[in-house]
Amino acid sequence: MTKYIPFILFTVLTNAAAQVMLKYGMMQLGALSFVGVNPIVKILQIVFSPWVFFGLCTFVISMASHLFVLSKVDLSFAYPFLSLAYVVVAVFAYFVFREDVNAMRILGIALICGGTVFIAQSGGPTHAESAGREVADAVATPSDLHNASEVSQ
């Protein structure tokens, strides 16, 4: 499973990049108000503003990458890595948006990193390896059939 970690990290980074783009796009638009405006028109204006649109497109790329990963590894292995996006987003939020990252947030980020390291170390078989073992276990060999007939006699 560890050979898919680069794909998982790509998913994490594109997910985090999408968050940063969405935040920047919403900052560019300012405070939202639907008063006196057709909500559908307002939503379309938001979706098609450049940074929001690029953020949404980046989410699509991230999801495609995540679907590839899910076809190869266990969900219980891949999904916790997505929590690393919190780490990347917090770093960008601090440096790009000058957001406050206090001691409690840093402790939370450290715990997320530690947990992800434990999960990465757990390894385990990929879907293909698991499926191969299941097929091998399910297929009876001629000697298995011979031994089974001797036992029943």
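Colleague: Is Ile40 buried or exposed in this predicted model?

Modeller: In this predicted model, Ile40 is a residue of helix 2, and the term exposed applies to relative accessible areas over 50%. Because the relative accessible area of Ile40 is 59%, the residue counts as exposed.

Colleague: Which element gives the largest share of the nonpolar patch?

Modeller: Ile40 joins Tyr24, Leu44, Phe48, Trp51, Phe53 and Phe54 in a nonpolar surface patch of about 730 Å². Two elements, helix 2 (39-47) and helix 3 (50-70), give two or more residues to that patch. The largest share, three residues, is that of helix 3.

Colleague: Is Ile46 buried or exposed?

Modeller: Ile46 also lies in helix 2, and, leaving aside neighbours within four places in sequence, Ile46 is in contact with Met26, Leu29, Leu32 and Val52. With Leu29, which is 17 residues away along the chain, the C-alpha separation is 7.7 Å. Since buried means under 20% relative accessible area, the value of 12% makes Ile46 buried.

Colleague: Which helix gives the most to the largest nonpolar core?

Modeller: That core has 18 residues, and those with the most contacts inside it are Ile8, Val12, Val73, Phe77 and Phe81. At least two residues of the core are supplied by each of helix 1 (5-29), helix 4 (75-78), helix 5 (84-95) and helix 6 (103-122). With five residues, the element that gives the most is helix 5.

Colleague: Which residues does Val12 touch, not counting those up to four places away in sequence?

Modeller: Val12 is among the residues with the most contacts inside the largest nonpolar core. Once residues up to four places away in sequence are set aside, Val12 touches Phe81, Leu82, Leu84 and Ala85.

Methods. Residues are numbered from 1 along each chain as its sequence is written. This is a predicted model: local features need pLDDT of at least 70, side-chain atom pairs count only at pLDDT 80 or more; totals for chains, interfaces and linings use all residues. Side-chain values use heavy atoms; hydrogens and water are left out. Patches are made of residues with over 30% relative accessible area and no salt bridge: like charges are joined within 9 Å, nonpolar side chains (Val, Leu, Ile, Met, Phe, Trp, Tyr) within 5 Å. Accessible areas come from the Shrake-Rupley method with a 1.4 Å probe; for residues, only the protein chains shown count as cover. A salt bridge is a side-chain nitrogen of Lys or Arg within 4 Å of a carboxyl oxygen of Asp or Glu. Helices (H or I, at least four residues) and strands (E, at least two) are DSSP runs, numbered from the N terminus. Buried means under 20% relative accessible area, exposed over 50%, partly exposed in between (1.4 Å probe, protein chains only). A nonpolar core is a set of buried Ala, Val, Leu, Ile, Met, Phe, Trp, Tyr and Cys residues joined through side-chain atoms within 4.5 Å. Contact means heavy atoms within 4.5 Å.
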